[in-house]
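User: I would like to go through some of the labels used for this protein. Please give the reason behind each one.

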Amino acid sequence: MSKKKWTMYGAIIAAIVVAAFAVPSVAGEPSYEDLQERLDAAEARIAQLDSERKPTWLETRRSEEVKAMVQSVMADANARTMMLSDDKPITLNVHGFAITRWQYNNDGGVSENNEFSIPYARLEVSGEILDKVGYYVSGEFSDYNNGEFELVDAYLTLGLGAGFDLQVGQFVTAFYNGYTDSPLDQVAGEYSVLATTFGQGRSQGLEVSRDFGFVNLSASYNDGFDSNNAFIDNDDYGVSVRADFDFGAGFHAGAAYAYQSELEDYGTYTLDLGYTNGGWDLGVSWVAADYATGGYSKNYGLNALVAYQCTDNLQGFVQYQNGKLGVSDNDLNILEVGANVSINDYVRWTTTLGYAFDGVDAGWDLGRSGWNTGDSDGQYLLTTQLSVAF
């Protein structure tokens, strides 16, 4: 037998031996169908165990928070009207608020009051133009302006770069923290007598601001306190600067100074200190003006506020106002105790009982507070109001 044949026979025998060992191993491997059946059985068992397992506390809380967040977003979306078109890149938000109020005033030396009123019914329109310029326009009906619709705010906002922002038009300048865009920003749901007397109110002009984190600075050039007239009329003007400090841990403070040449030249300044943490909201502010009727020592006011969030929807508060005016015989001396009930995110019910230890003279700007001008001390004012925002 030739060497070539032996080589061929050897290869055949080697193949037979390898096949003899390999076949049992292959025969023992599961088929594709077996693997699929095992996978299906495993998935069914996992689904069964998952359905029988109770969710953990953390999973339950996470689910509740997600549901609450979705509901809040949907509610906010339903409460607003937005408009955006490709050929007119302008956004439009329509919102506002209304307050209906009942008050009883025992007299204060004049006839007692027992009446319903609508002190504010404001419509606000805001948005952006070309994603760069913001605008805000608002007007309101009120029983205090004979039911006429009056312009309240009308201004533009623009980022100047490097963190600086510009606001120009008619608006509330950053001066006194007790007088803000809306009375609903105040705990009592209305401006204090000190705010309407010493606050700058709405002016026409421009204001530049920048938030540095620890301190927020703003400066304004305008047509004077509570003017709402032609900008810089008859060479009248006003300037104001303010700094707000955030010390952390809930502590904050502010300081501002303003000067105006309208009617009479005078300056006014304010200092405030506050603490907001947990359920507590504490604040005290001082404001004084250098009027011709006695200077800073004769024209000043102190406002102190203590508020506590008793429950999720109930807040109690106490507010005290004390001040002096050079044109008044009596000091302002008012104590108020009240409560806010948040029915939901858009509806708030506020009830306040106030007592004036001294007579409230005509020199004080009582605004829409409901207090009566009179010489008699012991005047009290009961106010309950329902505010609705949208």
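Analyst: What follows takes up salt bridges, burial, a core and two surface patches in a predicted model.

User: How many salt bridges does the structure hold?

Analyst: The structure holds seven salt bridges.

User: Why is the contact between Arg 202 and Asp 153 called a salt bridge?

Analyst: A salt bridge needs a side-chain nitrogen of Lys or Arg within 4 Å of a carboxyl oxygen of Asp or Glu. For Arg 202 and Asp 153 the N to O distance is 2.8 Å, so the pair counts as a salt bridge.

User: What makes this pair a link between distant parts of the chain?

Analyst: Arg 202 is in strand S6 and Asp 153 is in strand S4, 49 residues apart. Both Arg 202 and Asp 153 are buried.

User: Which residues form salt bridges with Arg 242?

Analyst: Asp 244 is one partner, with the closest N and O atoms 2.8 Å apart. Asp 272 is another, at 2.9 Å. Arg 242 lies in strand S8 and Asp 272 in strand S10, 30 residues apart.

User: How do you know whether Arg 242 and Asp 244 are buried or partly exposed?

Analyst: Buried means under 20% relative accessible area, and partly exposed runs from there up to 50%. Arg 242 has 7%, so Arg 242 is buried. Asp 244 has 29%, so Asp 244 is partly exposed.

User: Which residues are linked in a network of salt bridges?

Analyst: Arg 122, Glu 140 and Arg 368 are linked in such a network.

User: Which residues have the most contacts inside the largest nonpolar core?

Analyst: They are Val 193, Phe 198, Trp 364 and Trp 371, in a core of 29 residues. Among the elements that give two or more residues to this core are strand S1, helix H4 and strand S9. The largest share, four residues, comes from H4.

User: What makes Val 306 fit for the nonpolar surface patch?

Analyst: A patch residue needs over 30% relative accessible area. Val 306 has 40%, so Val 306 passes that cut-off. Val 306 lies in strand S12, and the patch of about 840 Å² also includes Trp 280 and Tyr 308.

User: Why is the patch with Asp 40 called negative?

Analyst: The patch is formed by Glu 33, Asp 34, Glu 37, Asp 40 and Glu 43. Asp and Glu count as negative, so the patch is called negative. Asp 40 is in helix H2. The relative accessible area of Asp 40 is 38%, so Asp 40 is partly exposed.

Note on methods. Residues are numbered from 1 along each chain as its sequence is written. This is a predicted model: local features need pLDDT of at least 70, side-chain atom pairs count only at pLDDT 80 or more; totals for chains, interfaces and linings use all residues. Side-chain values use heavy atoms; hydrogens and water are left out. Patches are made of residues with over 30% relative accessible area and no salt bridge: like charges are joined within 9 Å, nonpolar side chains (Val, Leu, Ile, Met, Phe, Trp, Tyr) within 5 Å. Accessible areas come from the Shrake-Rupley method with a 1.4 Å probe; for residues, only the protein chains shown count as cover. The place of a charge is taken as NZ of Lys, CZ of Arg, CG of Asp or CD of Glu. Buried means under 20% relative accessible area, exposed over 50%, partly exposed in between (1.4 Å probe, protein chains only). A nonpolar core is a set of buried Ala, Val, Leu, Ile, Met, Phe, Trp, Tyr and Cys residues joined through side-chain atoms within 4.5 Å.
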